[in-house]
Amino acid sequence: MSTATAARPKAPGAPTKKRKMSWPVVLLLIAGALVLFSAVGMATGNHALTSSGQITAALSAAVPIGMAGLGGLWSERAGVVNIGLEGMMVAGTFCGAWAGYLVNPWVGLLAGMLGGALGGLLHALVTVTFGVDHIVSGVGINLLIPGICAYVNRIYYKDYIAVGAGANQSPPADPLPYITVPGLSSWLSDIEKHHWFLVSDVAGVVGGLVTNISVVVLVAGAMIVVSYFVLWRTVFGLRLRSCGENPTAAESLGVNVYKYKYLAVIASGAFAGLGGAYLSLVAAHFYKDGQTLGRGFIGLAAMIFGNWMPGGLAMGAGLFGFTDSLQLRDPESVHVLILTVAIAMALLALWQLYRRKFTGAAISFVVAGGLGAWYAFTDEVQRPLIVATPYVITLVVLSLASQRLRMPKADGQIYRKGQGK
């Protein structure tokens with residue numbers, strides 16, 4: 001009698017395990033993107049998309065989006081949906097500008113985080129303690145905090161009218177320092193000006209990372225790295241994430257679910273507040289109503305794009321920051337971006353054909369053809385379309401990424417103390 005056992009066939013309809021995107025694949029995709037940008041730049045004579053100025057602007061635009069997304073990651077990893085990030089960012093902009101003007105910008109950063117943390121505390125109190133629906137609480141915060149800040153702004157700064165700025169704007173705070181790596185920055189700038197294929201593009205990208213960078217950008221990057229180690233490499237992080245996966249089982253093992261949810265949501269508000277303080281202390285140096293422009297919601301989209309992981313969140317924030325910074329560039333560079341995306345969609349269609357995904361390939365070919373025709377029959381992109389680019393990219397990316405997402409299992413569920421006993 002044979003002792004060999006036959007492998008069990010998979011049950012029909014059973015889900016197949018999807019491969020995770022490894023770092024070699026990510027680096028290969030980045031290299032391919034640089035080659036594509038370089039080739040398009042050589043063909044069109046426009047190298048603005050990989051210039052050091054564009055990269056610096058994209059990095060600056062990515063900070064508030066990334067901090068809002070990091071706040072959403074902390075909250076949702078503990079099982080609390082936080083769409084109130086927009087309101088918490090507004091609290092950060094107001095408190096940051098107020099303390100930055102009265103004391104100094106470093107205190108302003110801390111005040112912005114404190115203002116956002118108070119918004120997070122309110123959200124935690126309403127959702128965790130009183131069991132109110134998370135979406136309802138978030139919508140309420142998005143209405144309450146901007147309303148309070150606008151009201152106080154009209155009273156507190158009613159007599160301050162800056163030249164050419166209008167009323168109801170806070171006085172400017174002192175600037176925070178910027179960092180440029182001496183020697184390396186100028187050397188990379190010289191290489192970039194030669195417009196050599198790929199070499200100058202790499203020099204432009206690296207040069208944008210070492211030239212005129214705000215210290216807050218470095219703080220934000222450190223926050224993402226530290227968050228990864230805290231949430232995935234410590235006992236504290238394991239307990240916090242267990243509250244978002246199965247709070248009943250976590251409580252049965254002695255985890256104080258309420259405490260970890262409170263800490264996560266308060267930290268969520270503090271990160272969003274830091275993103276808001278960046279807008280009023282670094283990007284603009286003053287507070288004015290409507291500064292956030294929906295960046296809290298775009299941060300949530302970046303978090304979802306990143307599959308609730310810090311590394312993916314950083315890439316999503318970089319993508320949205322890149323498109324957001326296009327508003328500061330000339331329309332011709334946006335026109336070149338259309339050609340770049342058209343070629344990328346055509347290459348994606350060929351890859352889908354190779355994998356025998358004919359429906360996806362057909363859709364990609366249609367999109368590539370439409371974008372190619374848009375580029376061929378126009379000379380520039382109208383300003384309203386440039387302003388709408390970040391929001392269009394948000395919708396497109398979320399629709400394309402929806403098939404590979406895996407949110408925390410208990411995310412958004414109302415948990416009452418004692419369920420695990």
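Here are two short exercises on the cavities of this predicted model.

**Exercise 1.** How many cavities of 30 Å³ or more are there, and which residues line the largest one?

*Solution.*
Step 1: start with the count. With 30 Å³ as the lower limit, you get two cavities.
Step 2: check the size. The volume of the largest cavity comes out at about 50 Å³.
Step 3: list the wall. The lining is made of V80, T127, V128, H134, Y258, K261, Q413, I414 and Y415.
Step 4: map that list onto the helices. Two elements, α4 (105-129) and α11 (257-283), each give two or more residues to this lining.
Step 5: sort by class. Five of the lining residues are nonpolar, three are polar and one is charged. Tyr counts as nonpolar here, so Y258 and Y415 go in that group.

**Exercise 2.** Now take the second largest cavity: what lines it, and which element gives the largest share of the lining?

*Solution.*
Step 1: size again. The second largest cavity holds about 40 Å³ of space.
Step 2: read off the lining, which consists of F37, V40, G41, N46, H47, L49, T50, D201, V336 and T340.
Step 3: look for elements that give two or more residues; these are α1 (23-44) and α14 (331-354).
Step 4: pick the top contributor. That's α1, with three residues.
Step 5: sort by class. This lining has four nonpolar residues, five polar ones and one charged. Gly counts as polar in this scheme, so G41 belongs with the polar ones.

Conventions. Residues numbered from 1 in each chain as written. Predicted model: local features only at pLDDT ≥ 70, side-chain atom pairs only at ≥ 80, totals over all residues. Heavy atoms only, no water. 1 Å grid on protein atoms, 1.4 Å probe; cavity = no way out; pocket = protein on both sides within 12 Å on 5 of 7 lines; lining within 4 Å. Points joined across faces, edges and corners; volume = space filled by probe spheres on them. Helix = DSSP H or I, 4+ residues; strand = E, 2+ residues; numbered from the N terminus.
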